[in-house]
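Student: I have a new structure to read and do not know where to begin. Could we go through its pockets and its core together?

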Amino acid sequence: MKESAATIQAYLTQDLKLINSDKVLQWRKDERKTVQKALKSYDRRCAKAQEETHHLLSLRKLESQLHQEGYRYIAGVDEVGRGPLAGPVVTAAVILPEDMPLVAFDDSKRLSHAKRQELVQAIKTYAIAYAIDVQGPEVIDAINILEATKKSMKASLQALQPACDYAVIDAVGLEGLSVPSQHPIKGDATVYCIAAASILAKEYRDDLMRAYAKQYPQYGFDHHFGYGTKEHLEALAAYGPCPIHRKTFAPVKAYL
């Protein structure tokens, strides 16, 4: 008995891993328009999944090369929060296993809050080690944002247990490390372990800023997370700086 078009449609919308390719091959001979439409949708999903797999494998290329060279614990490092007018700069360092499943890590800025939350759990499940460091506005004002970022990156690397034997850092060269390193530009979009670090750092900092929003509700920190949006600048003009504003940053300095 021929399966109904509705049954075929429902089958083809499930997880791709559960779909029997022999059945699909058989249904390609089915001339019903609804079946052919469902097959076209299925083919698009397959193409998208293949593209995603290719993208993720390309993100892991550098780590694969380093593993082949004999490095075992490769740490990806990234920061979040260099640009805002308020709040800390946060960095994360992550060591992922060589046999890590292809979880869809990507530059944290491209992902929704819900997706980042899901991926944070995956990172914590699979990571060999991870560490997060926070440098507050008082440190940023004392030594400048670049030096505060470097300090935070070094601290997150030093907190890893086990320690890394190679560091891949997003766009910032760090002096005085005890292990070899490199700092690719836009590493959060091109290197798998850096993408994982960017997700951890982003979610951690955003959670901090949501907490600050409850403490200082007039600024809207849970909307803009300290960045210089129109809403933030208007609140700054109306209320002046609060204790988590960066006093050496020009828009804030004007209201001191």
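**Pockets and cores**

Tutor: Begin with the largest pocket: its lining takes at least three residues from domain 1 (5-58) and at least three from domain 2 (71-212). Keep in mind that this is a predicted model.

Student: How much space lies in the largest pocket?

Tutor: A pocket's volume is the space filled by probe spheres set on its grid points. Here the largest pocket holds about 500 Å³. Its lining has 17 residues, and those closest to the centre are Lys17, Glu52, Leu56, Leu102 and Ala104.

Student: Which elements give two or more residues to that lining?

Tutor: They are H3 and H5. H3 gives the most, with six residues.

Student: What does the lining of the largest pocket look like by class?

Tutor: Each lining residue is put down as nonpolar, polar or charged. In the largest pocket, nine are nonpolar, seven are charged and one is polar.

Student: How much space lies in the second largest pocket, and which residues lie nearest its centre?

Tutor: The second largest pocket has about 210 Å³ of space. It is lined by 15 residues, with Glu79, Val80, Gly81, Lys109 and Tyr227 nearest the centre. E1 and H9 are the elements that each supply two or more residues to this lining, and the largest share, three residues, is from E1. By class, the lining of the second largest pocket has nine charged, three polar and three nonpolar residues.

Student: Now the interior. How many residues has the largest nonpolar core?

Tutor: A nonpolar core is built from buried residues joined through side-chain atoms within 4.5 Å. The largest one in this model has 31 residues. Val94, Leu96, Phe105, Ile123, Val168 and Tyr192 have the most contacts inside it.

Student: Which elements supply at least two residues of this core?

Tutor: The helices are H3 (33-59), H4 (61-68), H5 (113-126) and H9 (192-215). The strands are E1 (74-80), E2 (89-95) and E4 (166-169). Of these, H9 gives the most to the core, with nine residues.

Student: What is Tyr192 in contact with, leaving aside its neighbours within four places in sequence?

Tutor: Tyr192 is in contact with Leu56, Leu59, Arg60, Glu63, Leu96, Met100, Pro101, Leu102, Val103 and Phe105. Apart from the largest core lies another core, of 16 residues, including Ala93, Ile95, Ala131 and Leu157.

Conventions
Residues are numbered from 1 along each chain as its sequence is written. This is a predicted model: local features need pLDDT of at least 70, side-chain atom pairs count only at pLDDT 80 or more; totals for chains, interfaces and linings use all residues. Side-chain values use heavy atoms; hydrogens and water are left out. Buried means under 20% relative accessible area, exposed over 50%, partly exposed in between (1.4 Å probe, protein chains only). Helices (H or I, at least four residues) and strands (E, at least two) are DSSP runs, numbered from the N terminus. Contact means heavy atoms within 4.5 Å. On a 1 Å grid over the protein atoms alone, a cavity is a set of points where a 1.4 Å probe fits but cannot get out, and a pocket is an open set with protein on both sides within 12 Å along at least five of seven lines; lining residues have an atom within 4 Å of a point. Domain bounds come from an automatic or database domain assignment.
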